[in-house]
Structures are given as C-alpha cells and as structure tokens.
Amino acid sequence: MKFPGARLLARVVLALVAMAAVIVTVVGCSSAKDDSKSGSAKVGDCIVKGASADAKTETVDCSSEKAVYKIAQSSDKKVDCATDYSGYQASLADGSSAFLCLAPNFKQGSCYSESSTAGVKNVDCTSTEASFKVVKRIDGEADELLCGTDADSFRLISEAPKTTFCLAKPKA
C-alpha cells in the first residue's frame, strides 16, 4: 500500500544522507592548503578544490564543468555555514586564512564523483567513478517536488540563490 508522502519522505531521507556526506567530506578537508588564487576569491566566485591537503585551490569561471563549488560566504574568522553549504578553510598566499561556505554548482546533464577522500568532482558519465548525474537543475527554487520521475534523489540550496538539483544514478 502506498501513501501520499512516501516519495517525499524517501527523498528527504536521501537528501539528509547526501548532505551529511558532503559536509563530512568538505569539513574533513578543512586543513587543505591554498597557496594560489583563493586570496582573490570572493563571494560569487567558483572554485575547484584540490583533492589532497597540499593541493592548490583555483578560481574558475562558474560556467566551467570543473566549477563544482560556488563561494556563498567568506570570512577571516571561522563561521558556521548554513545547512545547505559546506565549510572550507583556505590558507592564503599571504599566510592568512579564509573560511569559506561553499554551495554546490552542479551542471544539468553532468556527472560527479563523491568520495570522503576527494570530495566532489566532475567526471565523465561513463566513468566507474560517477556517483550521480544531475538530471535537472532549477535555479530560483528550492523544492524537491519539482524533480520529475527520472530523479531518484535531490539536493536543495534554500539560501539565496535558491537552487534545486534533481539527481539520478549515471547510466553506463
């Protein structure tokens, strides 16, 4: 027997699990060093984070496939990020630190690999690394009910700018 909220309940549980994984991944990398361009990174910029603790973070054009994260908040002091964001500490070239709150910047039709060691990165959809595919991106709305039947999970950004990412397993 089905009940009206079963799909919504399942999506909420999946979203909470997915967000917990992203938060653990990014916060776990909070000691990552950034000796290059993040010194000039500002709110609204998109970045590619290095996978290892000594890798450099680079600022990239937000339309780039590599632009997995967008800076939602930047501070010289440690801050608590909103639930939808991931925290990240960048060491700047001048020796100072910046504390960043990062929002996902996933592209519709693109696939991503998500792991506790490397975080989230853009990968080819036919890759065995691919964890999920963004089947629909809805800017200006944070509502999982906008995802169609081709999505089996979602991620919401409820802070401005609101965004809904409808996700599915990649097809090899």
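This is a short dialogue on reading the fold, core and sheet of a predicted model.

Me: Where do I start: how many helices and strands does the protein have?

Reply: Begin with the element count, then the order. The protein has 1 helix and 10 strands. Read from the N terminus, the order is α-β-β-β-β-β-β-β-β-β-β. The helix opens the series, and strands follow.

Me: What share of the contacts links residues 24 or more positions apart?

Reply: Take the contacts with a separation of 6 or more. In this protein, 49% of them join residues 24 or more positions apart.

Me: And how much of the protein is buried?

Reply: Look at burial and surface together. Of the 172 residues, 40% are buried. The accessible surface is about 9,200 Å², and carbon and sulfur atoms hold 56% of that area.

Me: Which residues have the most contacts inside the largest nonpolar core?

Reply: That core has 20 residues. Its best-connected members are L100, L102, F106, Y112, V120, F132 and V134. Next, ask which elements supply the core. Two or more residues each come from β3 (69–75), β4 (86–91), β5 (97–104), β8 (132–139) and β10 (163–168). β5 gives the largest share, with 5 residues.

Me: What is F132 in contact with, beyond its neighbours within four places in sequence?

Reply: Follow one residue outward. F132 touches F106, Y112 and V120, among others. Its list also includes S110, C111, E114, R155, L167, A168 and P170. There is a second core too, separate from the largest one. This one has 6 residues, among them I138, C147, F154 and L156.

Me: Now the sheet. In what order do its strands run?

Reply: Read the order across the sheet, not along the chain. Here 5 strands line up as β7-β6-β8-β10-β9. The sheet is open, and the pairing is antiparallel. At the edges are β7 (119–123) and β9 (153–157), each paired on one side only. On average, neighbouring strands are turned by 35 degrees against each other, direction ignored.

Me: Over how many bridges do β9 and β10 pair?

Reply: Check the bridges, then pick out a facing pair. β9 and β10 pair over 5 bridges, in the antiparallel sense. I157 stands opposite T163 of β10.

Me: R155 lies in β9. Why does R155 count as buried?

Reply: Judge burial by relative accessibility, not by residue type. The cut-off for buried is under 20%. R155 counts as buried because its relative accessibility is 3%. Then look for a polar partner. The R155 side chain makes a polar contact of 2.7 Å with the side chain of E114. Both R155 and E114 are also in contact with F132.

Notes
Residues numbered from 1 in each chain as written. Predicted model: local features only at pLDDT ≥ 70, side-chain atom pairs only at ≥ 80, totals over all residues. Heavy atoms only, no water. Helix = DSSP H or I, 4+ residues; strand = E, 2+ residues; numbered from the N terminus. Buried < 20%, exposed > 50% of the residue type's maximum accessible area, 1.4 Å probe, protein only. Contact = heavy atoms within 4.5 Å. Areas by Shrake-Rupley, 256 points an atom, 1.4 Å probe, with all protein chains shown as cover. Core = buried A, V, L, I, M, F, W, Y, C linked by side-chain atoms within 4.5 Å. Pairing = 2+ DSSP bridges. Axes fitted to C-alpha atoms, helices over the stretch in contact; angles between N-to-C directions. Polar contact = N/O pair within 3.5 Å; in protein donor to acceptor, adjacent residues only side chain to side chain.
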